[in-house]
Amino acid sequence: VFAFDAGEGLSEHTAPFDALVYILEGRAEVSIDGSVHQVKEAEMIVMPAHRPHAVKAVSRFKMLLVMVR
């Protein structure tokens, strides 16, 4: 579980496994391969393995990150 204040986030990176992000509270922008997705509480998004992605808090938010191996 990760928590961020507005404007904070994770810089662009890749991961060796698919990752599922479930938004527990608030709103965020998730960038995958240059495409920005707006996600909010109770929504989820999959970040595919080996694809550049980043997360930025639009408002304070909490997310659950699940790596799929």
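## Two sheets and a buried histidine

Biologist: Which residue in strand 6 does Tyr22 stand opposite?

Modeller: This is a predicted model, so take the pairings as computed from it. Strand 3 covers residues 18-25 and runs antiparallel to strand 6, with four bridges between them. One position along from Tyr22, Val21 faces Ile45. For Tyr22, the residue opposite in strand 6 is Met44.

Biologist: How many bridges join strand 3 to strand 8?

Modeller: Strand 8 takes in residues 61-68, and strand 3 runs antiparallel to it. Leu20, for example, stands opposite Val66 of strand 8. Counting the bridges between strand 3 and strand 8 gives seven.

Biologist: In what order do the strands of that sheet line up, and how far are neighbours turned against each other?

Modeller: Four strands make an open, antiparallel sheet in the order 1-8-3-6. Strand 1 (2-4) and strand 6 (44-47) are the edge strands, each pairing on one side only. Ignoring direction, neighbouring strands are turned against each other by an average of 25°.

Biologist: What holds strands of a sheet together in general, and which pairing sense does the 1-8-3-6 sheet use?

Modeller: Strands of a sheet pair through backbone hydrogen bonds, and the pairing can be parallel or antiparallel. For the sheet with the order 1-8-3-6, the pairing is antiparallel.

Biologist: Why does one side of strand 2 and of strand 5 have no neighbour in the sheet, and what is the average turn between neighbouring strands there?

Modeller: These strands belong to an open sheet with antiparallel pairing, ordered 2-7-4-5. Strand 2 and strand 5 (35-40) sit at the edges with a single partner strand each, so one side of each is left without a neighbour. Between neighbouring strands of this sheet, direction ignored, the average turn is 20°.

Biologist: Which residue of strand 7 is the bridge partner of Leu10?

Modeller: Strand 2 and strand 7 pair in the antiparallel sense, and three bridges link them. Leu10 has its bridge partner in strand 7, and that partner is Val55.

Biologist: How many helices and how many strands does the chain have?

Modeller: Following the sequence, the pattern reads β-β-β-β-β-β-β-β. The count for the chain is zero helices and eight strands.

Biologist: Is His53 buried or exposed, and at what relative accessibility?

Modeller: His53 is part of strand 7, which spans residues 53-57. Under 20% relative accessible area is what it takes to be called buried. His53 therefore counts as buried, at 4%.

Biologist: What does His53 touch, and which residue's backbone oxygen lies 2.9 Å from a polar atom of its side chain?

Modeller: Leaving out residues up to four places away in sequence, His53 touches Ser11, Glu12, His13, Thr14, Ala15, Ser31, Ile32 and Met47. A polar atom of the His53 side chain also lies 2.9 Å from a backbone oxygen, and that oxygen belongs to Arg51.

Biologist: Where is Ala15, and what is its relative accessible area?

Modeller: Ala15 is placed in the loop between strand 2 (9-13) and strand 3. Not counting neighbours within four places in sequence, Ala15 is in contact with Ala49, His50, His53 and Met67. Ala15 counts as buried because its relative accessible area is under 20%. The value is 13%.

Biologist: How far apart in space are Ala15 and Ala3, C-alpha to C-alpha?

Modeller: In sequence, Ala15 and Ala3 are 12 residues apart. In space, the C-alpha to C-alpha distance between Ala15 and Ala3 is 20 Å.

Biologist: Ala42 and His50 caught my eye. What is phi near for each?

Modeller: Ala42 is in the loop between strand 5 and strand 6, and it counts as exposed at 54% relative accessibility. His50 lies in the loop between strand 6 and strand 7, and it counts as exposed at 60%. Each has a positive phi in a residue other than glycine. For Ala42 phi is near 75°, and for His50 it is near 65°.

Biologist: What radius of gyration does the chain have, set against a compact globule?

Modeller: The C-alpha atoms fill a box of roughly 30 × 20 × 15 Å along the principal axes. For 69 residues, a compact globule would come out near 11 Å. The chain agrees with that, at 11 Å.

Biologist: What share of contacts between residues at least 6 apart joins residues at least 24 apart?

Modeller: Of the 69 residues, 29% count as buried. As for contacts between residues at least 6 apart in sequence, the share joining residues at least 24 apart is 68%.

Terms used:
Residues numbered from 1 in each chain as written. Predicted model: local features only at pLDDT ≥ 70, side-chain atom pairs only at ≥ 80, totals over all residues. Heavy atoms only, no water. Pairing = 2+ DSSP bridges. Axes fitted to C-alpha atoms, helices over the stretch in contact; angles between N-to-C directions. Rg over C-alpha atoms; globule rule 2.2 N^0.38 Å. Buried < 20%, exposed > 50% of the residue type's maximum accessible area, 1.4 Å probe, protein only. Contact = heavy atoms within 4.5 Å. Polar contact = N/O pair within 3.5 Å; in protein donor to acceptor, adjacent residues only side chain to side chain.
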